[in-house]
Amino acid sequence: MAEDVTNDKSNTDIENEGFISSIITEIVTSPLNLFLLSICLILLYKIYKSSKVPPPVSTPQVPSIPKLKRQDMTLEQLRKYDGTDEIGRVCMGVNGKVFDVTRGKHFYGPGGPYSAFAGRDASRALATFSVNDVKDSYDDLSDLSSLQMDSVKEWEMQFLEKYDYIGKLLKPGEEPTEYSDDEEAKEKDKTAKKEE
Ligand code: HEM
């Protein structure tokens, strides 16, 4: 009985081998099959190649420039930081705060999609989601709806996370704060931690 089972198994093995070798013979002797086989191999190679992880997309590197010291600014003072001087520093105002956004120069620098914000108060544009809605005179934002103000505050939070806070955007006639060196040292410490 055991012998019968062993015989059956080896018979099946022989049949399988015969089947496989007849397929191989069929493929290599027929030009059409050879052609189809090479197409399969090419497709398999393409699938293998496309499944490899693509190289990371690099964001343009912005050379680092000395950090601005903590200071409040009027709209006129802010205006000069539009990224067009030789250092290329870009600052912008969001909800009464001035941020150094040079790190995001590909967004805000000359030719960038949001260059209208460079050296200006972007609050209204961010609130209304309209890039060119930027005023040249001081904007107290008092006519904005509470939803629009919520949106400005959300942007402000994002900017506090991502960029260096420089100081307040001064209302006309408002006096700038005198920042102590101590305040600056704390600020530098925070920036160093952010960059770690
Ligand atoms: C069709 C419309 C728009 C598209 C497809 C678009 C797309 C984008 C994309 C892809 C980013 C980059 C996100 C990232 O990499 O972190 C971005 C960032 C941004 N967008 Fe837009 N945007 C549009 C309209 C607007 C409008 C109308 C405003 C404001 C008025 C706006 C303000 C911004 C700002 C402030 C950033 C952040 C840049 C930063 O991180 O400093 N966008 N947008």
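Which residue is the bridge partner of Val98 in S3? Gly167 takes that place. That pairing is one small piece of the sheet described below, and everything here comes from a predicted model.

## Overall layout

Let's start with the big picture. The protein chain carries seven helices and three strands. Going along the sequence, these elements come in the pattern α-α-α-β-β-α-α-α-β-α.

Of the 196 residues in the protein chain, 19% count as buried. If you look at contacts with a separation of 6 or more, 58% of them link residues 24 or more positions apart.

## The sheet

The three strands form an open sheet in the order S1-S2-S3, and the pairing is antiparallel. S1 and S3 (164-168) are the edge strands, each pairing on one side only. On average, neighbouring strands of this sheet are turned by 30° against each other, ignoring direction.

Now for the individual pairs. S1 and S2 are joined by four bridges and run antiparallel. Across that pair, Cys91 has Asp100 as its bridge partner, Met92 sits opposite Phe99, and Val94 faces Lys97. The hairpin of S1 and S2 has two residues between the strands, and Asn95 there takes a positive phi near 50°. On the other side of S2, four bridges join S2 to S3, again with the strands running antiparallel; the Val98 and Gly167 pair from the opening belongs here.

## Two faces of S1

In a regular strand, side chains alternate between the two faces of the sheet. S1 shows the split: Cys91 and Gly93 point one way, while Met92 and Val94 point the other way. Buried or exposed, then, for these four residues of S1? All are buried.

As for what packs over the sheet, helix H6 lies across S1, S2 and S3, and runs at about 140° to S1.

## The nonpolar core

The largest nonpolar core has 24 residues, and Cys91, Met92 and Phe99 touch the most other members. At least two residues of this core come from each of helix H3 (75-79), strand S1 (91-94), strand S2 (97-100), helix H5 (123-128) and helix H6 (146-162). Two of those well-connected members, Met92 and Phe99, are the ones standing opposite each other across S1 and S2.

Cys91 deserves a second look. Setting aside its neighbours within four places in sequence, Cys91 is in contact with Leu78, Tyr81, Val98, Phe99, Asp100, Val101, Gly119 and Ile166. Asp100 in that list is also the bridge partner of Cys91 in S2.

## Around the ligand

Which residues are around the ligand? They are Gly104, Phe107, Tyr114, Ala125, Leu126, Phe129, Ser130, Val131 and Lys162. By type, this shell divides into six nonpolar residues, two polar ones and one charged.

Notes: Residues numbered from 1 in each chain as written. Predicted model: local features only at pLDDT ≥ 70, side-chain atom pairs only at ≥ 80, totals over all residues. Near = placed C-beta within 6 Å. Nonpolar A, V, L, I, M, F, W, Y, C, P; charged D, E, K, R; others polar. Core = buried A, V, L, I, M, F, W, Y, C linked by C-beta atoms within 7 Å. Buried ≥ 20, exposed ≤ 12 C-beta atoms within 10 Å, placed from the backbone. Contact = placed C-beta atoms within 7 Å. Pairing = 2+ DSSP bridges. Axes fitted to C-alpha atoms, helices over the stretch in contact; angles between N-to-C directions.
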